[in-house]
Amino acid sequence: MSEESFVGAKTWMLVYADDDARSALARTPALDRERTLSFVGSLFPGETLKPLEDGTLLWTCPPDDELAAGCFPGVSVIAAKEFGIDRPSRLDRRYIQAGGRGTVTLHAMHSVVDWFALARWSDGKLVRSLSLSPDSGIIEDLGEKLPFEQAYWAGEHPAVDPESDDDEYPFPFHPLELGEAALDALFGYQLEGALRPALFDPETVPLMRFTRSGARSRWKFWR
């Protein structure tokens with residue numbers, strides 16, 4: 001994939017799963033609006049939240065004064081500015097504790113700076129955290145690499161022509177290609193590129209959207 005193909009690739013979200021988020025989302029689950037309202041209120045107490053028109057899983061990069069969320073059988077998704085952090089392992093513990101004994105996954109990327117970050121907690125314990133961009137290099141690399149990462153670190157998906165002397169990236173892949181691979185492997189969809197038959201269309205999964213009060217910017221790379 002070319003760099004131009006990632007113009008719209010942006011996420012900053014958490015996915016909570018009782019078991020396997022990929023399987024739960026692939027079932028085209030029904031949105032539980034009452035549970036979503038309760039879930040959002042528990043994560044952002046004291047904030048004034050006003051409902052907006054629904055979005056979808058295609059849109060998990062809300063501006064600072066908005067958030068998007070959806071609770072479904074076995075899986076919940078929430079997207080907010082707090083999750084676009086350069087060191088995912090330092091995510092506020094209250095967001096991790098909300099996952100109970102399940103799995104919490106942070107997925108964040110921004111095409112403007114080719115930055116990608118991923119973190120995973122199981123039963124409240126960090127098992128993987130990665131954050132990298134061409135300008136900053138590897139910011140964080142903790143825990144064992146997840147299975148879908150292996151081929152990228154092994155150089156099987158080079159970011160540049162392998163016969164070129166261009167050393168644009170300090171790792172053997174494009175960060176956003178790894179970000180798309182993470183969406184595929186962990187959640188069963190992608191934002192950019194051709195939709196494989198095995199993947200579902202993220203526009204088929206609705207998310208509730210809200211405006212929020214008292215939001216201050218915390219972006220590290222592009223502000």
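Tutor: Start with the surface. The accessible surface of the protein chain comes to about 10400 Å², and 47% of that belongs to carbon and sulfur atoms. Keep in mind that this is a predicted model.

Student: What percentage of the 223 residues is buried?

Tutor: Buried residues make up 51% of the chain.

Student: How many helices and strands does the chain have?

Tutor: There are 5 helices and 9 strands. Along the sequence the pattern reads β-α-α-β-β-β-α-β-β-β-β-α-α-β. Contacts add to that picture. Take those between residues at least 6 apart in sequence: 68% of them join residues at least 24 apart.

Student: In what order do the strands of the sheet stand?

Tutor: The order is E2-E9-E3-E4-E1-E5-E6-E7-E8, in an open sheet of 9 strands with antiparallel pairing. E2 (49-56) and E8 (137-143) stand at the edges. Each has a single partner strand, so one side of each is left without a neighbour in the sheet. From one strand to the next, the twist averages 15 degrees.

Student: How many bridges join E7 and E8?

Tutor: They pair over 6 bridges, in the antiparallel sense. For one position, find serine 129: leucine 142 in E8 stands opposite.

Student: Which strands does H2 touch?

Tutor: H2 packs on the sheet and touches E1, E2, E3 (66-72), E4 (75-79) and E9 (206-212). The direction of H2 makes about 130 degrees with that of E3. H5 lies across E1, E5, E6 and E7. H5 runs at about 150 degrees to E5.

Student: What span should helix H5 have?

Tutor: Use the rise per residue. At 1.5 Å a residue, the 13 residues of H5 (175-187) should span 18 Å. The end C-alpha atoms of H5 are 18 Å apart, which agrees.

Student: Why is H5 called largely enclosed?

Tutor: Count its buried residues. In H5, 12 of the 13 residues are buried, so the helix is largely enclosed by the rest of the structure. Among them are Pro175, Leu176, Glu177, Glu180 and Asp184. Their cover includes strands E1 (10-17), E5, E6 (115-122) and E7 (125-133). It also includes helices H1 (21-26) and H4 (150-153).

Student: Is methionine 109 buried or exposed?

Tutor: Methionine 109 is buried, at 0% relative accessibility. It lies in strand E5 (residues 103-110). Leaving out residues up to four places away in sequence, methionine 109 touches several residues, including Trp12, Trp115, Phe116, Leu176, Leu183 and Leu191. Now compare sequence with space. Methionine 109 and aspartate 86 are 23 residues apart in sequence, and their C-alpha atoms are 9.9 Å apart.

Student: What should I look for in phi?

Tutor: Look at the sign. Most residues other than glycine have a negative phi. Threonine 28 has a positive phi, near 50 degrees. It sits in the loop between H1 and H2 (33-43). Aspartate 123 also has a positive value, near 55 degrees. This aspartate lies in the loop between E6 and E7. Aspartate 123 is partly exposed, with a relative accessible area of 32%. Just after H5, glycine 188 takes a positive phi of about 90 degrees.

Student: How many disulfides are there?

Tutor: A disulfide is a covalent bond between the sulfur atoms of two cysteines. The test is a pair of cysteine sulfur atoms within 2.5 Å. By this rule the count is 0. Look at two of the cysteines. Cysteine 61 is buried at 18% relative accessible area. Cysteine 71 is buried too, at 0%.

Note on methods. Residues are numbered from 1 along each chain as its sequence is written. This is a predicted model: local features need pLDDT of at least 70, side-chain atom pairs count only at pLDDT 80 or more; totals for chains, interfaces and linings use all residues. Side-chain values use heavy atoms; hydrogens and water are left out. Buried means under 20% relative accessible area, exposed over 50%, partly exposed in between (1.4 Å probe, protein chains only). Helices (H or I, at least four residues) and strands (E, at least two) are DSSP runs, numbered from the N terminus. Contact means heavy atoms within 4.5 Å. Accessible areas come from the Shrake-Rupley method with a 1.4 Å probe; for residues, only the protein chains shown count as cover. The expected span of a helix is 1.5 Å times one less than its number of residues. Two strands pair if DSSP finds at least two bridges between them. Axes are lines fitted to C-alpha atoms, for helices over the stretch in contact, and angles run from 0 to 180 degrees between N-to-C directions.
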